[in-house]
Amino acid sequence: MLLGETMATVARRNAAGRDAGPGEATAAALVPSRPSLPRLREAAAGCRACPLWERGTQTVFGEGAARSDVLLVGEQPGDKEDLAGKPFVGPAGQLLDRALEAAGIDRRRTYVTNVVKHFKWEPRGKRRIHKKPDAREIRACLPWLAAEIAAVQPEIVVCLGATAAQALLGGSFRVTRDRGRLVASPLAPRTLATVHPASILRMPDEASRQAELSRFIDDLAAAARALG
Ligand code: SF4
């Protein structure tokens, strides 16, 4: 399944103000016709297009300036994001902020969001453990991301991690092979993928964390250079 193609189709249809295709009908039906970011956020708050709304505290919509140059897409909100109702506010988000600064990207010129807007988790004792969204949940949620991209019109889309990269660029995309490289896509004038900052935090020791952080900053610096 090429979700990148689905994404492109949804983006084109939303930009044209028409309904999305059958696979995305439920969420697409909620997307207002002439969507501004505040209207989209308001509409997404009531989304029940897939079962994830039942376990998440709230919809975690994207945040950032309405006309950001850089739109960064992760997989889904985590535990802290779910509680706060804001994307990238936990440890991975703080690492992302530091890496953006090191790469020379002004955080105020970015918009951050996720492919899936509800936190998917399973209980382990008293903890809520992240669970990867499946293809159906990703497909159900794509109309929101398509509408965000259409509203923000970024110069560059940066996919953070394999889930975002494969959802937007196709199942054959490999972050390990293609990270840090500009790739053609219908999403924005430029698209690039790198790892998710959470994967850096999961590295087993400080030396590998630092090495991965350095590669992550290099990838973001490539995005900064592409902006000119
Ligand atoms: S994850 Fe996305 S599609 Fe599913 S209920 Fe939440 S906002 Fe709707």
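Start by selecting strand 2 and strand 6 (residues 156-160): the two run parallel and are joined by four bridges. Keep in mind as you look around that this is a predicted model.

For a single contact between these strands, pick Leu 71, whose bridge partner in strand 6 is Val 157.

Now turn to the other neighbour and add strand 3 (residues 110-114) to your selection. Strand 3 also runs parallel to strand 2, and five bridges join them. Two pairs are good to label here. Leu 72 has Val 112 as its bridge partner in strand 3, and Val 73 stands opposite Thr 113 of that strand.

Next, zoom out to the whole sheet. In which order do the five strands lie? The order is 1-3-2-6-7, in an open sheet with mixed pairing. Colour strand 1 (63-64) and strand 7 (190-194) to mark the edges: each of these pairs on one side only.

Come back to strand 2 (residues 70-74) and show its side chains. In a regular strand, side chains alternate between the two faces of the sheet. Here, Val 70, Leu 72 and Gly 74 point one way, while Leu 71 and Val 73 point the other way. Is strand 2 enclosed or open to the outside, judging by how many of its residues are buried? Five of its five residues are buried, so strand 2 is largely enclosed by the rest of the structure.

Leave the sheet now and select the ligand, which sits in the largest cavity. Which residues surround the ligand? Display Cys 47, Ala 49, Cys 50 and Trp 53, then Val 116, Lys 117 and His 118, and finally Ala 140, Cys 141 and Trp 144. Try colouring this shell by class: eight of the residues are nonpolar, one is polar and one is charged.

Stay with two of the cysteines from that shell. Why does Cys 47 count as buried? Its relative accessible area is 10%, and buried means under 20%, so Cys 47 falls within the cut-off. Cys 50 is buried as well, with a relative accessible area of 15%.

With cysteines on screen, you may want to look for sulfur pairs. A disulfide is a covalent bond between the sulfur atoms of two cysteines. How many disulfides does a search of the whole structure find? The search finds zero, and that is the last stop on the tour.

Definitions and conventions:
Residues are numbered from 1 along each chain as its sequence is written. This is a predicted model: local features need pLDDT of at least 70, side-chain atom pairs count only at pLDDT 80 or more; totals for chains, interfaces and linings use all residues. Side-chain values use heavy atoms; hydrogens and water are left out. A disulfide is a pair of cysteine sulfur atoms within 2.5 Å. Buried means under 20% relative accessible area, exposed over 50%, partly exposed in between (1.4 Å probe, protein chains only). A residue is near a molecule or strand if one of its heavy atoms lies within 4 Å of it. On a 1 Å grid over the protein atoms alone, a cavity is a set of points where a 1.4 Å probe fits but cannot get out, and a pocket is an open set with protein on both sides within 12 Å along at least five of seven lines; lining residues have an atom within 4 Å of a point. A molecule sits in a cavity or pocket if more than half of its atoms lie within 2 Å of its grid points. Ala, Val, Leu, Ile, Met, Phe, Trp, Tyr, Cys and Pro count as nonpolar, Asp, Glu, Lys and Arg as charged, and the others, Gly among them, as polar. Two strands pair if DSSP finds at least two bridges between them.
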